[in-house]
Structure formats: C-alpha cells, structure tokens
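Student: Hi! Could you walk me through this model while we both have it open?
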Amino acid sequence: RAAGSHEAAGAGEARRVILTRVHPGPPESLELDAASTRDRLLDLYRPAPSPTLRLNLVASISGSAAGSDGTSDTLTSRVDRRILGVIRELSDVVLVGAASVRAEGYQVPQRARLAAVTASGDLAGHRIRPDQRESVIVLAPAEARERVLESLPGAELIIVPTTGPTVAMNDVVDALHSAGFDSIVCEGGPGLAGQLIAAGLVDEICLTTSPQLGGVTLPLLATASASRAASLTQLIVDEQGYLFARWALRAP
C-alpha cells in the first residue's frame, strides 16, 4: 500500500464526491469535502479502546495488491487516500514491511510513527527525509543492526528475535506494545500482512476494493493461513465503484 503520497495526492480533484455507508443500515450519505465529514469518518473508523491491530489494504477486483505500475498507487483514489489518513490518525504507529519501504517510497505519516520490519536490515531505496528519520522505528534482529544503521541512520532500532529467515510476528507486536503503541495499523506488504494473519494477531481488516481488473498480479496476502471467519462491520461505497469494508476477525 503506497502510503507515502496518499495523504497529499489528489488535491487538484475538486469534483464533488459522495460516499454512501450502506452497512449497517439505514444508508447514510457523506460529501467528501463537507466540513463535518472528517469527524464523521473518524467516528466510523474508530477502533476499540484496547490494544488493536488492523490491516489497511487495497486490492483490485482480481485480488492484486499492485496495479499496472507495480505499486498500489494505480489502485487508489481520492476517497481511499482520505480514509487512509483517517485510519492513520486513529493509530499510534503505522507498521510496514521493508520491501514496501523500498518499493513504495514511504514517507513518515503526519500523525503517527512509522515502523518498518526487516530481517536483513536492508532499507536501501527508501525516500525518508533525514529530518524525519527520528520518527521512524526499525524492528530487526541483532545481526541486522549494522545494515540498518547504514541504510537508515538516525532511525530508532528495536531488536527482535528471528524465527528461521523471518522476524517473529508475536515479538514485533509485543515490542510495539511495550513501547507504548496500543493501536497498530499495518499497511503491508502482502508478506507482512499474511504473516500477521497466520500468527492470529489481526483484529480487523480495512479493505479497499478498487474497480479494476488485470495489472500486476501480487496476491493481497502472500502467506497461507488457516481458514478464519470474518464479520462485515461496515461497508462504504462511492460513485466510482470503490468499496471500503471493515472486516472483524475476532471480538474486541
């Protein structure tokens, strides 16, 4: 999920945009640029008042997490960017995988810390400005310390154990909670999102379905996990055909 440009992009799109919350009923219409809409979206996306881990993902109808340019930029929209910003504002930290940092060019969110998970310590190719690096947390094993310091100097490093070739997801989440981050939103990539679900750590998925087919085939979740029931707690649609769903994976 290319989060770096989403919050600022689309400023020139001045057309009146209407969203409709269709579930739960009765239907409710919102004008995207109305003064009251931001506060209403904050209410609609507010997480439970306990430690919560959400996934915030975007995918095409065919289930790809990347569009024709190889990133999620071509799947997103003005409404998606607005909701992404709302979910970030309601979170203490935005969690991403190192591959997403390298490929998507993440920037530090305006209202939350950015945390990157890496087993190798390689964050080369990032576009994080030097003046933002103190706001970045890197979760990596001890053996990756030097690589982290080389590729992203100035970031806060939290050491976590590895399980085989990967970082243990339970340790990542425990480390963030210990650092005072109760509300976590993970924006991918597919590998990290899949590992969190497989570990049973995800409470909710906020999924944007983009009305597109084709493009680059990148599965939304790259790690297989046991079958798990989900409950649709909210569904918003817009005039372009985008769907914005909240799926609960376990009771708060």
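Tutor: Happy to, and let's settle one term before we start: buried means under 20% relative accessible area, exposed means over 50%, and partly exposed is in between. Also keep in mind that this is a predicted model.

Student: Okay, then where does arginine 40 fall, buried, exposed or partly exposed?
Tutor: Arginine 40 has a relative accessible area of 27%, so it counts as partly exposed.

Student: And what does the side chain of arginine 40 meet in a salt bridge?
Tutor: Its partner is glutamate 28, at 2.8 Å from N to O. This pair links distant parts of the chain, with arginine 40 in helix 1 (residues 37-44) and glutamate 28 in strand 2 (residues 28-31), 12 residues apart.

Student: How many salt bridges turn up in the whole structure?
Tutor: A search of the whole structure gives 15.

Student: Which residue does aspartate 39 pair with?
Tutor: Aspartate 39 forms a salt bridge with arginine 38, and their closest N and O atoms are 3.5 Å apart. Aspartate 39 is partly exposed at 44% relative accessible area, and arginine 38 is partly exposed too, at 35%.

Student: What about glutamate 187, which arginine does it bridge to?
Tutor: That would be arginine 88, with the closest N and O atoms 3.0 Å apart. Glutamate 187 sits in the loop between strand 10 (183-186) and helix 6 (190-198), while arginine 88 belongs to helix 2 (residues 78-89), so the pair links distant parts of the chain, 99 residues apart.

Student: Are those two buried or exposed?
Tutor: Both glutamate 187 and arginine 88 are buried.

Student: Which residues are joined into one network by shared salt-bridge partners?
Tutor: Arg38, Asp39, Glu89 and Arg111.

Student: Switching topic, how many helices and strands are there in the chain?
Tutor: The chain has 6 helices and 13 strands. Its radius of gyration is 18 Å, close to the 18 Å that the globule rule gives for 252 residues, so the chain is as compact as a globular protein of that length.

Student: What does the C-alpha trace span along its principal axes?
Tutor: About 55 × 40 × 35 Å.

Student: And what share of the residues is buried?
Tutor: Buried residues account for 50% of the 252 in the chain. As for the accessible surface, it totals about 10,900 Å², and 53% of that belongs to carbon and sulfur atoms.

Student: Last one: how far apart are the mean positions of the positive and negative charges?
Tutor: They lie 3 Å apart, taken over 23 positive and 28 negative charges.

Terms used. Residues are numbered from 1 along each chain as its sequence is written. This is a predicted model: local features need pLDDT of at least 70, side-chain atom pairs count only at pLDDT 80 or more; totals for chains, interfaces and linings use all residues. Side-chain values use heavy atoms; hydrogens and water are left out. Helices (H or I, at least four residues) and strands (E, at least two) are DSSP runs, numbered from the N terminus. The radius of gyration is taken over C-alpha atoms; the globule rule is 2.2 Å times the number of residues to the power 0.38. Buried means under 20% relative accessible area, exposed over 50%, partly exposed in between (1.4 Å probe, protein chains only). Accessible areas come from the Shrake-Rupley method with a 1.4 Å probe; for residues, only the protein chains shown count as cover. Lys and Arg count as positive and Asp and Glu as negative; His and the chain ends are not counted. The place of a charge is taken as NZ of Lys, CZ of Arg, CG of Asp or CD of Glu. A salt bridge is a side-chain nitrogen of Lys or Arg within 4 Å of a carboxyl oxygen of Asp or Glu.
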